[in-house]
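Work through the exercises below with the sequence and the model open. Try each task before reading its solution.

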Amino acid sequence: MRLSEHPILDFDRGERITFYYNGQEIEGYTEETIAAALHAAGIRRLGHSHELGRPRGLFCAIGNCSSCFMTVDGEPNVRVCVTKVQSGMHVEEQEGKGVIRND
């Protein structure tokens, strides 16, 4: 769900683009964060806690915590709450502390 109107704020969403989340094509806009685009697409669980495996969602939304760490284009530990979405990017739910691939 995206807000379409607000009594005080104006929205500049930017261009409509597509990116991939766990292999699934998702629609987003260039002026929104990855987390906002995922939330608008109905994706609320961003990962699991390292020790107990409990689901994690958006928590602080300002880049201070580690609840939104995901792997973006092969790079682990990206804070998706403050990273803008880009066309064609590949976002994956991160397992544990993340793995750097040497492709």
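The exercises cover confidence, the nonpolar core, one strand residue, a surface patch and two backbone angles.

This is a predicted model, in which local features need pLDDT of at least 70 and side-chain atom pairs count only at pLDDT 80 or more, while totals for chains, interfaces and linings use all residues. Residues are numbered from 1 along each chain as its sequence is written, and side-chain values use heavy atoms, with hydrogens and water left out.

**Exercise 1.** State the mean pLDDT of the protein and find the elements with the lowest and highest means.

Solution. Start with the term: pLDDT is the predictor's confidence in each residue, from 0 to 100. The protein has a mean of 87, and 95% of its residues reach 70 or more. Next, compare the elements (helices, H or I, of at least four residues and strands, E, of at least two, both DSSP runs numbered from the N terminus). Strand β3 has the lowest mean, 83, and β1 the highest, 97. Where pLDDT is low, the predicted coordinates should not be read in detail.

**Exercise 2.** Identify the residues of the largest nonpolar core that touch the most other members.

Solution. A nonpolar core is a set of buried Ala, Val, Leu, Ile, Met, Phe, Trp, Tyr and Cys residues joined through side-chain atoms within 4.5 Å. Buried means under 20% relative accessible area, exposed over 50%, and partly exposed in between (1.4 Å probe, protein chains only). Among the 19 residues of the largest core, F19, I34, L38, V80 and V91 touch the most other members. β1, α1 (34-40) and β5 (69-72) each supply at least two core residues. The most come from α1, which gives four. Now take V91: leaving out residues up to four places away in sequence, its contacts (heavy atoms within 4.5 Å) include F19, I34 and M70.

**Exercise 3.** Is G47 buried or exposed?

Solution. First locate G47 in strand β3, residues 47-48. Its relative accessibility is 5%, so G47 is buried. Beyond four places in sequence, G47 touches R54, P55, R56 and E93. The C-alpha atoms of G47 and E32 are 20 Å apart, with the two residues 15 apart along the chain.

**Exercise 4.** Describe where F11 lies and how accessible it is.

Solution. F11 sits in the segment before β1 (16-21). F11 counts as partly exposed because its relative accessibility is 38%.

**Exercise 5.** Locate A61 and N77 and give their phi values.

Solution. A61 is in the loop between β4 (55-56) and β5, with phi near 65 degrees. N77 is in strand β6, residues 75-79, with phi near 60 degrees. Each value is positive in a residue other than glycine.
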